Amino acid sequence: MLQQYITEVLFKQQSCSVPQVGTFTIQHIPAHFSVVDQVLTPPRQQVNFDTRWEDDGSCLHWISQKENLVDAVASLKLDKYLQQFRESLQTGQPIDLPGVGSLRLDPFGQIRFTPQELPDAWQPISLQQVLRPESAPKVLQGTTEVVNHEVVEHMSAIPEEFESQGRFRWWWVIVPLLVIAGGVAIYLLKDEWQSASIAPAEKDTSNQQAAAPVTDSLPPVPSEPVSDSINYYVVFQTFRTQAEAQKMYEKRIRWEQNEVVMFTAKDSATYNLAVPFRTLPADTTKAKDSVEQRFKVPKSAIRIEE
C-alpha cells in the first residue's frame with residue numbers, strides 16, 4: 001500500500017520524501033538536437049532517487065486523506081507501513097513502485113534505485129539542418145577546425161604579413177612621440193628668439209628717452225580698478241537635522257540642480273541649502289529673485305548669508 005501512496009504523491013507534487021528511506025523527484029529534461037544524428041529528441045521526464053530525506057509530511061497527509069484518519073492515527077499507520085517496507089528490503093527482493101521503478105538493497109546495505117522509463121507523448125523527429133554562410137557551425141577535429149567544409153589548421157605558422165603589420169603598428173607610437181618632442185624643442189627655442197629680438201629694441205628706446213626733453217606734465221598712470229564684489233550665499237531651504245538636509249540635497253543633484261550647496265552657519269545648528277554668488281552688494285536683490293524663480297520657493301524663505 002505504501003508503494004501506491006509514494007507513486008501518487010510523487011506524480012502530484014513532483015517530489016516525495018519517504019522517512020528513513022529517501023526522496024524521489026521527477027527531473028524534467030529539455031529537448032535536444034543531435035548534430036551528428038540529425039535527430040531532435042523531445043523533452044522528457046526522469047525519476048531520480050536520493051537516500052537523503054527530510055520529512056515534509058506529504059506521505060502522512062496523503063494517508064490521512066486517503067483513509068479518512070486523523071493525523072495521530074495516520075502517523076501510526078505510516079510507521080507500520082514503513083516497518084513493513086524496510087522488512088521487505090531486508091529480504092533482498094526488489095520492491096516495485098508502480099510507474100516509478102524498483103528499490104533493492106545491495107550487499108553493502110545501500111538502497112539502489114532502478115528507474116522505470118516514463119512513457120513519452122512525443123517521438124524523436126529527424127531534421128535536416130540548414131547551414132547558412134554567416135552562421136555556419138565550427139567543428140573542431142584535433143588541431144583543425146571545419147567551417148563550411150573548409151579546414152583551418154590551428155597549428156600552422158603565422159603568415160609573414162601579420163608580422164609586418166605588427167611592426168607597422170609601432171609607427172603609431174613613434175610618430176606622436178616625435179611630434180611632441182619637436183613641439184617642445186620649438187617652444188624652448190622660441191623663448192630664446194624672442195629675448196634676442198627684444199634686446200636691441202630696448203636699447204634703442206633708452207637712447208630716445210635720453211634725448212627727449214623732460215616735462216612736468218606727465219600723464220598719470222591709471223591704477224588697477226578695485227573690485228567691490230562680495231561672496232555670499234542665497235539660502236532658500238533650512239532643515240533642523242543633517243539627514244533631512246542631505247536627503248533633499250541628493251534629490252536636487254538628481255534633478256540636475258548642480259549649483260546647490262549644503263552648509264551650516266557657525267552660530268546656528270541648522271543645515272541650509274543655498275546657491276553661492278559673487279556680485280556687487282547692489283545685485284543681491286537680483287540674486288534672490290533668480291533663486292526664487294529657479295527653485296519655486298516663497299520669497300519669505302529666501303535670505304542672504306555671508
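Two residues are said here to be in contact when heavy atoms of theirs lie within 4.5 Å of each other. The structure is a predicted model, in which local features need pLDDT of at least 70 and side-chain atom pairs count only at pLDDT 80 or more, while totals for chains, interfaces and linings use all residues. Residues are numbered from 1 along each chain as its sequence is written, and side-chain values use heavy atoms, with hydrogens and water left out.

A convenient place to begin is Thr279, which belongs to strand E15 (residues 271–279); helices (H or I, at least four residues) and strands (E, at least two) are DSSP runs, numbered from the N terminus. Once neighbours within four places in sequence are set aside, Thr279 is in contact with Ser229, Ile230, Tyr232 and Thr284. With one of these, Tyr232, the side chain of Thr279 also makes a polar contact of 2.7 Å, a term that covers a pair of N or O atoms within 3.5 Å where, within protein, one must be able to donate a hydrogen and the other to accept it, and where residues adjacent in sequence count only if both atoms are side-chain atoms. Thr279 has a relative accessible area of 17% and is therefore buried, given that buried means under 20% relative accessible area, exposed over 50%, and partly exposed in between (1.4 Å probe, protein chains only).

Strand E15 also appears in the surroundings of helix H6, whose buried residues pack against strand E13 (230–239), strand E14 (261–264), E15 and helix H7 (284–295). H6 itself (residues 242–254) has 13 residues and spans 18 Å from its first C-alpha to its last, close to the 18 Å expected at 1.5 Å a residue, where the expected span is 1.5 Å times one less than the number of residues. Ala245, Met248 and Arg252 are buried in H6. They lie on the same side of H6 because they cover an arc of only 70° around the axis, the arc being that of the directions from the helix axis to the C-beta atoms. The face turned away from this buried side carries the exposed residues Ala243, Lys247 and Arg254. After H6 comes Glu256, with a positive phi near 65°.

Charged side chains provide further links, and the whole structure holds six salt bridges, each a side-chain nitrogen of Lys or Arg within 4 Å of a carboxyl oxygen of Asp or Glu. One of them joins Arg294 to Glu259 at 2.8 Å, N to O. This pair connects distant parts of the chain, since Arg294 is in helix H7 and Glu259 in the loop between H6 and E14, 35 residues apart. Asp289 is bridged to Lys299, with the closest N and O atoms 3.3 Å apart. Asp289 lies in helix H7 and Lys299 in the loop between H7 and strand E16 (303–305), so this pair ties together parts that are 10 residues apart in sequence. Another salt bridge pairs Arg52 with Asp50 at 2.9 Å between the closest N and O atoms; Arg52 is exposed at 65% relative accessible area, whereas Asp50 is partly exposed at 29%.

The cysteines remain to be considered. A disulfide is a pair of cysteine sulfur atoms within 2.5 Å, and by this rule the count is zero. Cys16 is in no disulfide, its nearest cysteine sulfur being that of Cys59, 3.7 Å away, which is too far for a bond. Cys16 is buried, with a relative accessible area of 0%, and Cys59 also counts as buried, at 4%.
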